[in-house]
Amino acid sequence: LQAALVSFAGGFAALVALTLGLGIGFPKVSVLMQVPKITLIGGLLGTVFVTAVIIFVPKVGVAKVALAAICGQVVFSLILDHFGILGVPINQIEPKRLIGAGLVIAGLVLFSLK
């Protein structure tokens with residue numbers, strides 16, 4: 001958790017410096033209140049992801065963690081696309097997309113065999 005804290009603190013400092021350096025300024029609270037609440041979960045999900053990577057890389061290795069992350073992203077993206085979540089255009093789950101996701105998952109399984 002300390003490594004994740006340092007990682008996010010460094011990222012936060014860099015973003016503050018860029019925001020100030022580029023003269024963009026910080027968003028007003030009134031603007032933030034109008035943002036769909038579901039989009040605010042990104043920071044929490046990023047924290048969970050970085051922390052999970054820090055925990056699991058020493059246990060199973062970098063390649064397996066990277067492949068598992070990709071598998072999760074592929075599966076979750078199919079769901080987001082299918083239902084048009086977060087305002088993305090609806091892109092129905094169809095057999096060829098399921099086969100593609102299955103191949104990605106099969107790659108992780110094959111890679112994990114000893």
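**Helices, pockets and one polar contact**

Guide: In this predicted model, helices α3 and α4 (62–83) each supply at least two residues of the lining of the largest pocket.

Visitor: What makes the lining of the largest pocket mostly nonpolar or mostly charged?

Guide: The volume of the largest pocket is about 320 Å³. Of the 14 residues that line it, Phe 49, Ala 68, Ala 69, Gly 72 and Gln 73 are the closest to its centre. The lining divides into 11 nonpolar residues, two polar and one charged, and because Ala and Phe count as nonpolar while Gly counts as polar, Phe 49, Ala 68 and Ala 69 fall in the nonpolar group and Gly 72 in the polar one.

Visitor: Which residues line the second largest pocket, and how do they divide by type?

Guide: The second largest pocket, with a volume of about 170 Å³, is lined by Ile 38, Thr 39, Ile 41, Gly 42, Leu 45, Phe 76, Leu 80, Ile 85 and Leu 86. Seven of these count as nonpolar, two as polar and none as charged, and here too α3 and α4 each supply at least two residues.

Visitor: Why does the span of helix α1 agree with what is expected?

Guide: Helix α1 (residues 2–21) has 20 residues, which at 1.5 Å a residue should span 28 Å, and its end C-alpha atoms are 28 Å apart, so the two values agree. Just after α1, Gly 23 takes a positive phi of about 70 degrees.

Visitor: How do you know what span to expect of α3, and where does α3 bend?

Guide: Helix α3 (residues 42–60) has 19 residues, and its reach of 26 Å from first C-alpha to last is close to the expected 27 Å. The bend, of about 25 degrees, is at Ile 54, and Pro 58 follows within four residues. Just after α3, Gly 61 takes a positive phi of about 105 degrees.

Visitor: Why is the pairing of Arg 97 with Asp 81 called a polar contact?

Guide: The side chain of Arg 97, a residue of helix α5 (residues 95–112), lies 3.0 Å from that of Asp 81, and because a polar contact requires N or O atoms within 3.5 Å, that distance meets the cut-off. Leaving aside residues up to four places away in sequence, Arg 97 touches Leu 78, Asp 81, Asn 91 and Gln 92.

How values were computed: Residues are numbered from 1 along each chain as its sequence is written. This is a predicted model: local features need pLDDT of at least 70, side-chain atom pairs count only at pLDDT 80 or more; totals for chains, interfaces and linings use all residues. Side-chain values use heavy atoms; hydrogens and water are left out. The expected span of a helix is 1.5 Å times one less than its number of residues. The bend at a residue is the angle between axes fitted to the seven residues ending there and the seven starting there. On a 1 Å grid over the protein atoms alone, a cavity is a set of points where a 1.4 Å probe fits but cannot get out, and a pocket is an open set with protein on both sides within 12 Å along at least five of seven lines; lining residues have an atom within 4 Å of a point. Grid points are joined across faces, edges and corners, and a volume is the space filled by probe spheres set on the points. A polar contact is a pair of N or O atoms within 3.5 Å; within protein, one must be able to donate a hydrogen and the other to accept it, and residues adjacent in sequence count only if both atoms are side-chain atoms. Contact means heavy atoms within 4.5 Å.
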